[in-house]
Amino acid sequence: MTISWYPGHMHKANKEMAAIIKDIDVVVEVLDARMPQASSNPLLSAMRQGKPCLRILNKADLADPHITKRWLEYYSNEPLSFAATSSKDKRINAADVVFLSQKLMRKANAGKPVTQAEPSSNPDIEALKEWKRQQKKHQIMIVGIPNVGKSSIMNQILGKRVAKTGNEPAITKGQQRVRLNDHWYLVDTPGVLWPKLEDQAAAYRLAMSGAIRNTAIEFVEVAIFSAQTLLTLFPERLKKRYQMEVLPDTGEAFLEALARAKGCVRKNQDIDWQKVSEMLINDYRAGRFGPMSLEIPPV
């Protein structure tokens, strides 16, 4: 099955983001720390048009901390880019976002040619110019794919509940603009994907994480992919979680063995594929295998 999910409100949201980004000073992209590449919207780099970007690797408590550190270094070494983490134990806040945004803006302005204006002989006018410069309002736009935790981070930053949150993707439907302090505003946007998920392995990882609505995927196929991925990368975690001494070689065989071990069978002893698939995927989404990263930074 080819995974694709791009409802009309996402098309509209992507168009709106492209329209307002010219008035944005810094873009904040929320990524899933377990799969930063798969959870990054490829349309955003074209939309940014060279604007500074702060990546927040969210759900860092569910990812391997050593690999997350490598991702932080990778993104922070890109031009006009910086990265930070957010997790249950260490949540990012408004002061962090403003500080890092200011740092990025200084980095961006350092490479621009300075145009020297004609000085005024009136010191009051010069003082007024400096006052206006200091009073300039800056805008941050926060973006992210569905169910990456963008709305939760929005609430963390503001210290209050202004955005709806939940385990179902695509809860935020429209933009909203809120004040961070006297000089900084935050523009929230809906969680969006892109029209064609060409990297289907990445699309299946997104389905594992819950970024794609359950009704838009074949749960059993995603579970087989998930089982094969975990068999390849984390076999000991599977053994420990499900108390299995020997693991089958394929994802489908693993699901069948798990179903029989956990009683996911019908009266006629046929496998209840839906039930065992939900068990595996829900365990992954809840982090019951321990912290694990499914992607490493490019060399």
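This is a short talk on the architecture of one chain, from the overall counts to the sheet, two helix pairs and three loop residues.

One caution before the details: what you see above is a predicted model. The chain has 299 residues, and 46% of them count as buried. Its secondary structure comes to 11 helices and six strands. The exposed area of the chain is about 15,600 Å², with carbon and sulfur atoms supplying 51% of it. If we take the contacts with a separation of 6 or more, residues 24 or more positions apart account for 69% of them.

Let me start with the sheet. The six strands form an open sheet, and reading across it the order is E3-E2-E1-E4-E6-E5, with mixed pairing. Which strands stand at the edges? They are E3, residues 81-85, and E5, residues 176-179. Each has a single partner strand, so one side of each is left without a neighbour in the sheet. From one strand to the next, the twist averages 25 degrees.

Within that order, E1 and E4 are neighbours. Strand E1 covers residues 26-32, strand E4 covers residues 138-144, and the two run parallel, joined by five bridges. To place the register, look at Val26, which stands opposite Ile140 in E4.

Two helices on this sheet deserve a mention. Helix H3, residues 65-76, lies across E1, E2 and E3. Strand E2 here is 53-58, and the helix runs at about 160 degrees to E3. Helix H6, residues 150-158, also packs on the sheet, and it touches E1, E2, E4, E5 and E6. The direction of H6 makes about 145 degrees with that of E4.

At the E5 end of the sheet, how do E5 and E6 pair, parallel or antiparallel? The sense is antiparallel, over four bridges. The two strands form a hairpin, and four residues lie between them. Strand E6 itself is 184-188. One pairing to find on the screen is Arg179, whose bridge partner in E6 is Tyr185.

Now the helix pairs. As a reminder, two packed helices are described by the angle between their axes and the distance between the axes.

The pair H7 and H8 comes up here. H7 is residues 200-209 and H8 is residues 219-233; they pack at an angle of about 105 degrees, with axes 10 Å apart. That makes H7 roughly perpendicular to H8. On the H7 side the contact is made by Ala201, Tyr204, Arg205, Ala207 and Met208, and on the H8 side by Glu221, Val222, Phe225 and Ser226. By class, that is six nonpolar residues, one polar and two charged.

The other pair is H10, residues 251-262, and H11, residues 273-285. Their axes come within 10 Å and cross at roughly 100 degrees. H10 is therefore roughly perpendicular to H11. From H10, the residues in the contact are Glu252, Phe254, Leu255, Glu256, Leu258, Ala259 and Lys262. They meet Trp273, Val276, Ser277, Met279 and Leu280 in H11. This contact divides into eight nonpolar residues, one polar and three charged.

That leaves the loops. Gln269 lies in the loop between H10 and H11. Its phi is near 75 degrees, a positive value in a residue other than glycine. Is Gln269 buried, exposed or partly exposed? With a relative accessible area of 48%, Gln269 is partly exposed.

Asn147 also has a positive phi, near 65 degrees, and is likewise a residue other than glycine. Its place is in the loop between E4 and H6, the helix we met packing on the sheet. Asn147 has a relative accessible area of 21% and is partly exposed; the cut-off for buried is under 20%.

The last residue is Pro36, in the loop between E1 and helix H2, which is 42-48. Because its relative accessibility is 0%, Pro36 counts as buried. What does Pro36 touch, leaving aside residues up to four places away in sequence? The residues are Leu31, Leu57, Trp71, Tyr75 and Glu295. Trp71 is 35 residues from Pro36 along the chain, and their C-alpha atoms are separated by 7.9 Å.

That is where I will stop.

Technical notes:
Residues numbered from 1 in each chain as written. Predicted model: local features only at pLDDT ≥ 70, side-chain atom pairs only at ≥ 80, totals over all residues. Heavy atoms only, no water. Axes fitted to C-alpha atoms, helices over the stretch in contact; angles between N-to-C directions. Parallel < 35°, antiparallel > 145°, perpendicular 65-115°, else oblique. Contact = heavy atoms within 4.5 Å. Nonpolar A, V, L, I, M, F, W, Y, C, P; charged D, E, K, R; others polar. Pairing = 2+ DSSP bridges. Buried < 20%, exposed > 50% of the residue type's maximum accessible area, 1.4 Å probe, protein only. Areas by Shrake-Rupley, 256 points an atom, 1.4 Å probe, with all protein chains shown as cover.
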